Amino acid sequence: MTQDYSDIREEVAKLCADFPGDYWRAKDKHRDYPGEFVDALTKAGYLAVLIPEKYGGSGLPISAAAAILEEIQLQGCNGGACHAQMYIMGTLLRHGSDEQKAEYLPKIASGELRLQAFGVTEPGSGTDTLSLKTRAKKDGGHYVVSGQKIWTSRAEHSDLMLLLARTTPREECEKRTDGLSVFLVDMREALEGGLTIKPIDTMMNHSTTEIFFDDMRVPAANLIGEEGKGFRYILSGMNAERLLIAAECIGDAKWFLDKATVYAREREVFGRPIGQNQGIQFPLAKAYADMRAAELMVRDGLAKYEAGGNAGAEANMAKMLAADASWAAGEACVQTHGGFGFAAEYDIERKYRETRLYQVAPISTNLILSYISEHILGLPRSY
Ligand SMILES: Cc1cc2nc3c(=O)[nH]c(=O)nc-3n(C[C@H](O)[C@H](O)[C@H](O)COP(=O)(O)OP(=O)(O)OC[C@H]3O[C@@H](n4cnc5c(N)ncnc54)[C@H](O)[C@@H]3O)c2cc1C
């Protein structure tokens with residue numbers, strides 16, 4: 001079992017109380033980045049909980065990060081604005097050199113540097129990461145990067161980006177997973193030479209972008225780990241990412257259920273509360289049971305991860321079940337509210353749009369089902 005961190009949850013809830021619905025509605029309306037909220041989380045040290053104490057973080061286990069993100073969502077806020085900082089840092093921590101860690105981690109922990117951007121997905125390759133085309137060619141003490149990424153979220157609000165690029169052409173690699181490398185890109189420098197960021201307008205406020213590399217020079221010292229092993233390094237961080245996003249979905253599901261049950265008890269139609277109708281009760285009861293089952297899977301995954309085991313199966317299943325649970329709870333919440341579910345001032349339609357993302361990103365449900373089929377059930381690979 002993992003710890004519940006009720007003390008941390010309480011403090012996070014207090015912080016979130018300063019960022020009520022109208023704050024998020026205004027940000028959503030104008031597609032503004034919630035910088036004040038991210039600053040408050042940074043100052044309170046929440047984004048650095050996974051950074052070891054010797055680098056200025058709190059050195060807590062992943063279940064503490066999950067508790068923080070779940071609580072943020074449960075309070076109606078949106079951790080999507082900054083959640084990546086918690087798990088991207090893991091690649092640097094696990095695979096970076098001592099010099100890189102000493103240089104960057106304390107600054108990330110203090111908030112002096114923001115590591116919010118994660119450049120993996122490309123328009124041409126999509127989920128098939130091994131087909132990515134962005135090239136990084138060695139040129140003396142630098143790598144020269146050319147290509148394009150898409151859906152690079154928070155790029156405009158980040159100082160550093162973790163970038164996955166091809167350093168050896170695919171046909172020259174012994175293994176299909178070789179030939180990709182990870183770089184820590186200083187975006188402030190890169191914006192002066194070869195990096196262009198173009199925001200993408202999306203259905204929710206997510207500060208996501210396309211980025212273009214036109215012979216962008218990255219010092220060779222910013223290569224993380226060994227050249228050609230980057231895909232493995234990124235994969236090793238994905239379980240943490242999936243578990244943390246699953247925890248966010250649990251928070252969303254709880255928010256929707258709380259909102260819906262309060263309303264169902266209060267709203268009277270035909271002279272009695274709508275919550276007295278089984279047609280209203282049952283979708284909420286089902287969504288609650290689904291949320292609890294998903295929550296158990298999240299906790300199972302967190303416990304396995306913390307024990308040092310391979311939590312691949314649990315992290316994938318937790319992400320899928322929790323994303324399904326938050327979506328079902330959102331659907332039941334909208335239905336319970338009738339027409340009011342569509343009114344922006346109730347925040348339901350905003351949260352509904354926000355939680356929809358997790359059926360697709362960071363990995364879509366189909367790909368999780370393929371993983372379960374192949375790696376757990378031993379069925380033939382379908383792609
Ligand atoms: C708002 C937002 C933010 C994001 N942020 C980031 C970020 O910060 N960094 C980053 O690198 N990426 C980010 N992503 C990208 C995200 O991880 C991808 O969108 C996701 O992995 C799916 O890839 P794709 O969009 O290319 O879909 P595709 O790979 O084109 O897939 C399209 C559909 O086909 C299905 N499909 C594809 N192949 C198969 C198969 N073999 N079997 C069954 N079904 C299949 C998929 O499940 C999906 O439903 C973000 C995306 C969004 C929308």
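## Close-up views of a predicted model

**View 1. P52, a partly exposed proline.** P52 counts as partly exposed because 15 other C-beta atoms lie within 10 Å of its own, a count between the buried and exposed limits. This is a predicted model, as are all the views that follow. P52 sits in the loop between α3 (35–43) and α4. Which residues does P52 touch once its neighbours within four places in sequence are left aside? They are G57 and G59. As for I68, P52 is 16 residues from it in sequence and 17 Å from it in space, going from C-alpha to C-alpha.

**View 2. Helices α4 and α8 packed together.** Two packed helices are described by the angle between their axes and the distance between the axes. Here, α4 (residues 62–74) and α8 (residues 230–266) meet at about 35°, and their axes are 7 Å apart. The crossing of the pair is right-handed. On the α4 side, the contact includes I62, A65, A66 and L69; on the α8 side, look for A240, L243, L244 and W255, among others. What kinds of residue make up this contact? Sorted by class, there are twelve nonpolar, two polar and five charged residues.

**View 3. Where domain 1 meets domain 2.** The domain assignment splits the protein into domain 1 (6–114), domain 2 (116–228) and domain 3 (232–376). Taken over C-alpha atoms, the centres of domain 1 and domain 2 are 23 Å apart. The two touch through 17 residues of domain 1 and 16 residues of domain 2. On the domain 1 side, α2 (21–30), α5 (83–95) and α6 (98–110) each bring at least two residues. Which of these helices gives the most? That's α5, with six residues. By class, this side of domain 1 has seven nonpolar, six polar and four charged residues.

**View 4. The shell around the ligand.** There are 23 residues around the ligand, and V120, G126, T127, W151 and S364 come nearest. Both β1 (115–119) and α12 supply at least two residues of the shell, with α12 giving the most, at three. How do the shell residues divide by class? Ten are nonpolar and 13 are polar, while none are charged. The ligand lies between domain 2 (116–228) and domain 3 (232–376), because both of them give residues to the shell.

**View 5. Two positive phi angles, at S207 and D215.** S207 isn't a glycine, yet its phi is positive, at about 50°. S207 lies in the loop between β6 (195–199) and β7 (209–219). Is S207 buried or exposed? S207 counts as buried, because its 24 C-beta neighbours inside 10 Å meet the cut-off of 20 or more. Now follow the chain to D215, another residue other than glycine with a positive phi, near 50°. D215 is found in strand β7 itself. D215 counts as exposed because it has 11 C-beta neighbours inside 10 Å, and the limit for exposed is 12 or fewer.

**View 6. A cis peptide bond at P362.** Where does the cis peptide bond in this view sit? The bond joins A361 and P362, and its omega is about 0°. P362 belongs to the loop between α11 (348–356) and α12 (365–376). You've met α12 already: this helix gives three residues to the shell around the ligand.

Terms used. Residues are numbered from 1 along each chain as its sequence is written. This is a predicted model: local features need pLDDT of at least 70, side-chain atom pairs count only at pLDDT 80 or more; totals for chains, interfaces and linings use all residues. Domain bounds come from an automatic or database domain assignment. Two residues are in contact if their C-beta atoms, placed from the backbone, lie within 7 Å. Helices (H or I, at least four residues) and strands (E, at least two) are DSSP runs, numbered from the N terminus. Ala, Val, Leu, Ile, Met, Phe, Trp, Tyr, Cys and Pro count as nonpolar, Asp, Glu, Lys and Arg as charged, and the others, Gly among them, as polar. Axes are lines fitted to C-alpha atoms, for helices over the stretch in contact, and angles run from 0 to 180 degrees between N-to-C directions. A crossing is left-handed if the near helix is turned anticlockwise from the far one by less than a right angle, and right-handed if clockwise. A residue is near a molecule or strand if its C-beta atom, placed from the backbone, lies within 6 Å of it.
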